[in-house]
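Trainee: Hi! Could you walk me through a structure today?
Mentor: Happy to. Let's put it up and start with a pair of helices.

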Amino acid sequence: MTKQIRLNAFAMNCVAHQSPGLWTHPRDRTIDYNRLPYWLDLARVLERGRFDGLFLADVLGVYDVYGNSPDAALRNAAQTPANEPLMLIPAMAAVTQNLGFGVTSNLSFEPPYPFARRMSTLDHLTEGRVGWNVVTGYLDSAARGAGKDRQTAHDDRYEIADEYMELVYKLWEGSWEDGAVLRDRARGIFADPSKVHRIAHEGANYRLNAIHLSEPSPQRTPVLYQAGTSPRGRQFAAQHAECVFMSGPSAKIIGPRVAAIRALAKEIGRDPSEILMFSMMTIILGRTEAEAKTKYADYRRHIAPEGALALMSGWMGIDFSGYDLEQEVRHVQNDAGRTALDNVTRADPNRVWTVREVVEHVGIGGAGPVVVGTPEKVADDIEAWFEQTDVDGLNVAFATSPGDFEDIADMLVPELTRRGRYKREYARGTLREKLFGAGRARLTEQHPAARYRPHIARAAE
């Protein structure tokens, strides 16, 4: 059976997300990121294109590694300013019926008790269409904003994250039993107290003694996304993730990362097919090849190199302000994000990147490939990408929004549908059911969260 192509739109509650400078293009509307009409229009476009979801990135802290200053990020709106992403979701859910929402939240600075309630609330309000992109952060500026001198060491962040996941699993899966909520008006009983359990947790990083404040939501645990592909990040993904987002400039880099996570999942007893892999890609479409190339050239004239350098410096933990543009980018070990630096240093040993080449690459669409052409040509390229990488879907970045997504909905989706590579209609149910099949509103019994369900926990005692 031919694998169907899944599409997430990749955006952030800011101006310049992955294409620094493109906010100046007359086709782009992200300058209105702080007004609801922009987001409501985007949600409607994505649902028209039957996108599986809107994947909302987020970052706490400012990109101040470049020149040891936030000035470049502020001048170029390079993911600065950035508003809270979770607050967008109820409004967009109200104007859609099927679109999913994968929202990024940094567990390093979110106490698990109120965060678990916030996600349960979103799952209720969206009728089960929410997912959580689990991240641990990579900017020292975020740590300073939370009262720390610097962020926790890279691998230590994942050790803390493992305990955090255990705690939110206990709240989402173990605090309220199935059948605890009665809503019995005749007897005046809303919930059966004997089926609501206090969670007592004493760990290395967290203490908690409380019941979960929300009644069980449609999915209980939101769909779990994860975006780290460092060795420790892959281990975390294999343990917890249902969807993994990865970025890289070529199939030669993405393919081995996909295979590595699937192998790790199999080693620990999870079905590798239970983890969907999404890679980043930017798509520039035209009715003719000439039109597409002209559009791409026009976009490139709006790239802000300083903004790209600010993003690169933050992603990689390297201050590029003192680098010559022709200087080779070499690997250094630090506590920033590992994947972005590996992409241009170690992931493909046959490719040497200069700073100029990285700036040109990052300028449109960030760290993923850019595919330019007619719907037929782009569909060919996407099918080849799927064959070479074994991914399950794309996180589609943009140069201009919502215009590039309108092009995908109106030009590319009909072509992929004609080829039998794209769904003709949304599946019914929650986001998890749309992704994994009917009757799958909740995590499977094989997922580590399931062990905290009361009936399983009692059986294990």
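**Two helices and a neighbour**

Mentor: This is a predicted model. Helix 13 and helix 14 are oblique to each other, because the angle between them is about 60 degrees, below the 65 where roughly perpendicular begins.

Trainee: Okay, and how far apart are the axes of helix 13 and helix 14?
Mentor: Their axes are 9 Å apart. Helix 13, residues 375–389, passes helix 14, residues 403–418, in a right-handed crossing.

Trainee: Which residues make the contact?
Mentor: On helix 13 they are P375, E376, V378, A379 and I382. Helix 14 brings in M411, L412, E415 and L416. Seven of these contact residues are nonpolar and two are charged, with no polar ones.

Trainee: Is E376 buried, exposed or partly exposed, and what is its relative accessible area?
Mentor: E376 is partly exposed, because its relative accessible area is 41%, between the 20% and 50% cut-offs.

Trainee: Leaving aside neighbours within four places in sequence, what is E376 in contact with?
Mentor: With those set aside, E376 is in contact with E415 and R419. As for L416, E376 is 40 residues from it in sequence, and their C-alphas are 8.6 Å apart in space.

Trainee: Switching topic: which residues of helix 1 are buried?
Mentor: Buried there are Y38, W39, L40, L42, A43, V45, L46 and E47. Their cover includes strand 1, strand 2, helix 3 and helix 14.

Trainee: And what follows helix 1?
Mentor: R50 does, with a positive phi near 55 degrees.

Notes:
Residues are numbered from 1 along each chain as its sequence is written. This is a predicted model: local features need pLDDT of at least 70, side-chain atom pairs count only at pLDDT 80 or more; totals for chains, interfaces and linings use all residues. Side-chain values use heavy atoms; hydrogens and water are left out. Axes are lines fitted to C-alpha atoms, for helices over the stretch in contact, and angles run from 0 to 180 degrees between N-to-C directions. Helices (H or I, at least four residues) and strands (E, at least two) are DSSP runs, numbered from the N terminus. Angles under 35 degrees count as roughly parallel, over 145 as roughly antiparallel, 65 to 115 as roughly perpendicular and the rest as oblique. A crossing is left-handed if the near helix is turned anticlockwise from the far one by less than a right angle, and right-handed if clockwise. Contact means heavy atoms within 4.5 Å. Ala, Val, Leu, Ile, Met, Phe, Trp, Tyr, Cys and Pro count as nonpolar, Asp, Glu, Lys and Arg as charged, and the others, Gly among them, as polar. Buried means under 20% relative accessible area, exposed over 50%, partly exposed in between (1.4 Å probe, protein chains only).
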